[in-house]
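Subject: The structure I promised you

Hi,

Here is the structure for you to open and turn around on your screen. Have a look at it first, then read on for what turned up in it.

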Amino acid sequence: MKYPENSRRRALMAAMITAFPLSAQADLIISEYVEGSSNNKALEFYNTGSDAVELSAYEIARFKDGAETPNAYMTLPSFSLAAGAVYVHANSGANDGLKALANSTSTDDAIGFNGGDSVVLRLVGGAIVDRVGTLKEGASAYLKDVTLSRTDTTANPDFNQDQWQTLAKDTFSGLGKAPGADGGDGGDGGDPAPTLGACGEAATLISAVQGSADEVAMKDQTVTVEGIITGFRNNGFFVQEEPSDEDGNPQTSEGIFAFSNGGGSLTLGNLVRIKGAVSDYHGNSQISVSELADCGATDAVATVTPITLPFAADLNLEALEGMVVSVSNAVVANTYGLGRYGEITISDKLKWTPTDAAIPGSAEYDAVIAENKANLLYIEDNTSSQNTASVSFYPEFGYDNPILLGDLVSATGPLNFSYDVYRINPMAPISVTSPGRTAAPEAALGNLAVASFNVLNYFNGVKKDDGSIDYSANPRGATTEDEFLLQQARIVKALKTLDADVVGLMELENDGFGDDSAINTLVTALNNEIGEDAYTYVSTKDGSKPGTDQITVGLIYRAANVTPKGDAIVVDMPEQTLGAETAAMRPSLVQAFTHKKTGQSFAVSINHFKSKRSSSACDNSAPTDIDQMQGNCNPLRVSAAVTLGEALATLGLPERILILGDLNAYSKEDPISVLTDYNPATHGYTIKTAANTGMDAGAAVEVSKNYGYALVAETHDAEGFSYTYDGAQGSLDHILASRAAMEDIVDLDHWNVNSIEAYALQADGLFKYYKDSTGYFGVGPYRSSDHDPVVVTMDLKSTDKGKDDGGGSLGLLSILALLTMRFARRRPM
């Protein structure tokens, strides 16, 4: 399953905008424009309204030389800008003086404007809110080498230079200050605000500012505090009371975040004295700094409060907000945000997908949900940047030095609250203790190995008339040659190391079986890596594609160890139709084999059921609460399980049958139950098929039986998993065995080369977000896909009379399938 970012993000931002009050959207303006020496470029944004504004609902667009269409744009960082506050974004190439005043920086072309350009602030993909510069082709550089400071704070989509004061080149003195700010206390006419005073003079205790309630006690008051600098973020720093001034109350925090234009030249561990207004910013207490004095070095050291995982029963994280805390040997429970947001989730244990551990809707299911929400902390980077080349708390992160799910982490830093979770901001690299990667599957050996592997949209491009390959024409998968070659190299490493006799593949490009096909390209690359023609594959007699989807299942095997027995069969899966919408899924591929060493037969069925992504043909079919616990299209996957179970019973296959594949159903979900041990009387609810599929005259019917297969992992790898989503582990990829096959199974292993790895290392995002990162582009089996391979080993015995073809009679369904499509072996060219 992929997580696309570009168009999806812009669509999401546009959707977010519609949820905001219209008046709030006119509150943000450009309040300062810096076009100075070299890369000294910056824009200051000012919230003129009475409510906070989410900056990521906006973007800036640059109209180069006054052109009528923008040549570049960038979405503003995710940041909630308080009423009356300003935010500065600068070019990363600016000098240190300018960057010290910025809340964030980037290299985007949109912040690389010159004096002849027009720069606009607009809603993401929408209406222009404010503008600097004129839309006039070939306009002279009339805004070059100047700083413009706003004098009239009325938003204006048409630039009016009368609203601005023109200042000399490289004037930065007004950055970070609201337009018209005169240094007053901004109060309501009551008691005058305190002065900053001198270092060491009496000051308000931070514990008094914080108070013992969830909301900061001295909200909306202006205070002066003095404390130790304990950490930095790009938009401020943390201050904690000296131990001698702590109040001794465990329910009041001794620390607080100081919102400012970064830390400037401040030094970690120094004393600092700050004056500013107190607020709760999305639940995080802070002081917006208006005046500051660096009081220099001190012998005092901020108290560090240890946090144990699982949390102690009386732990109140709110009482530690802003203070330095530490964790030891916490379990890494989620790394999805490591690249995207510079954060990892830690807990006392890995979290489990509820429907992989328990029957949906059961008490056990509810218990897993509760457990998944408990004992969570985040460790985050000290910037607000996204898709950064490295993270501050683990700068050596890379392909050969990863952070894996299940690693143990120790960290120390101030505790921050944002986006509804508590986060540690380490000032030094964290300590990571890892059991390490598993270099190869750890299943005990037999004399036959069969595996399942989803290869994540393996598309090998379109061959052009001149012989070159156009990867940008791929409807899915790699879009450049570099991306494709890295993806392929990692998949090949994984397949070579799997060393299975039969491998069922999912998410192959469905482009037939010719010399330029995806499956031929992959097998050729695999054999080249091995150094011999070890693997071959099956293909239709006429070379036609199985099914109509862009992706398909495939089958490769070691011809030296197994021989196909008869032709392979395609079992078409049901489609659900509602009005003009149709939800379909890939056909199943069934192939019998003879094991050369023993003469025994077995059959495999390779499957890729309908995904859990939204489909209007599924979603409009009135899913029950139980269905929704299992993702979109659950009844359609149930129909697929019934179709598969019935087909395998009538195809005259050997008694040993293995069902392989990405069934898009976790271990306790309905499709798995139907294929294994479902009992309507004891299951807790009745499983039903999907309506409007052509089965049962279009009706949704109750399933009355199961098909008796065993979920092999329950016996041989019950704690294993093949997939990670939303910070929880589970298995979407399964191997199910008939009773006869189960008797010969030695072991099963979920080979965790993908699910425990950071998403940032996946090939489909590397060249988009991390092309300048070092150490991310290694070649190995790790992050070769988003699903883990699953391998089962068997020990077949040589006998004169074995578990063979179950009587030899194919039955009507088999005959019809064979008439529709028959498979023959084909070696790669």
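One term before we start: two strands count as paired if DSSP finds at least two bridges between them. Keep in mind too that this is a predicted model.

**Strand S29 and its neighbours**

Let's use that term straight away. S29 and S30 pair in the antiparallel sense, over 3 bridges. Across from Tyr-535 you'll find Arg-558 of S30. Is S29 mostly covered or not? It is mostly covered, since "buried" means under 20% relative accessible area, and 6 of its 6 residues are buried. In a regular strand, side chains alternate between the two faces of the sheet. You can follow that here: Tyr-535, Tyr-537 and Ser-539 point one way from S29, while Thr-536, Val-538 and Thr-540 point the other way. All of these are buried.

**Helix H9**

Next, go to helix H9, residues 518-530. Its 13 residues reach 18 Å from the first C-alpha to the last, which is close to the 18 Å expected at 1.5 Å a residue. The buried residues of H9 include Ala-518, Ile-519, Leu-522, Val-523 and Leu-526, and two asparagines, Asn-520 and Asn-527, are on that list as well. What do the buried residues of H9 pack against? Their partners are helix H8 (481-498) and the strands S25 (448-458), S28 (502-509), S29 (535-540) and S30 (551-558). So the two strands from the section above turn up again here. After H9 comes Gly-531, with a positive phi near 95°.

**An open sheet**

Now move towards the start of the chain numbering. Strands of a sheet pair through backbone hydrogen bonds, either parallel or antiparallel. Here 4 strands make an open sheet in the order S5-S4-S9-S10, with antiparallel pairing. Which strands stand at the edges? They are S5 (72-75) and S10 (128-132); each has a single partner strand, so one side of each is left without a neighbour in the sheet. On average, neighbouring strands of this sheet are turned by 20° against each other, direction ignored.

Zoom in on S4, residues 58-63, which pairs with S5 in the antiparallel sense over 4 bridges. Ile-60 stands opposite Met-74 of S5. Ser-56 sits in the loop between strand S3 (53-54) and S4. Ser-56 counts as buried, because its relative accessibility is 4%. Its side chain makes a polar contact with the side chain of Glu-54, at 2.7 Å.

**A closed barrel**

There is also a closed barrel of 5 strands, running S13-S14-S15-S17-S16, and its pairing is mixed. Neighbouring strands in the barrel are turned by 55° against each other on average, direction ignored. One parallel pair is S15 (residues 255-259) with S17, over 3 bridges. There, Phe-259 has Ser-288 of S17 as its bridge partner.

Phe-238 belongs to strand S14, residues 236-240. Is Phe-238 buried or exposed? It counts as buried, because its relative accessibility is 1%. If you'd like a sense of distance, Phe-238 and Leu-653 are 415 residues apart along the chain, and their C-alpha atoms are separated by 68 Å.

**The disulfides**

Last stop. A disulfide is a covalent bond between the sulfur atoms of two cysteines. How many disulfides does the structure hold? There are 2, and with bonded cysteines counted along the chain they follow the pattern 1-2, 3-4.

- Cys-199 is joined to Cys-295, with an S to S distance of 2.0 Å. The torsion about the S-S bond is about -80°, so this disulfide is left-handed. It links distant parts of the chain, 96 residues apart: Cys-199 lies in the loop between strand S12 (164-167) and helix H4 (206-210), and Cys-295 lies in strand S17. Cys-199 is partly exposed, with a relative accessible area of 38%.
- Cys-618 is joined to Cys-633, with an S to S distance of 2.3 Å. Here the torsion is about 105°, so the disulfide is right-handed. Cys-618 is in helix H10, and Cys-633, 15 residues apart from it, is in the loop between helix H11 (625-628) and helix H12 (634-650). Both of these cysteines are buried.

Happy exploring!

Conventions: Residues numbered from 1 in each chain as written. Predicted model: local features only at pLDDT ≥ 70, side-chain atom pairs only at ≥ 80, totals over all residues. Heavy atoms only, no water. Axes fitted to C-alpha atoms, helices over the stretch in contact; angles between N-to-C directions. Disulfide = S-S within 2.5 Å. Buried < 20%, exposed > 50% of the residue type's maximum accessible area, 1.4 Å probe, protein only. Expected span 1.5 Å × (residues − 1). Contact = heavy atoms within 4.5 Å. Polar contact = N/O pair within 3.5 Å; in protein donor to acceptor, adjacent residues only side chain to side chain.
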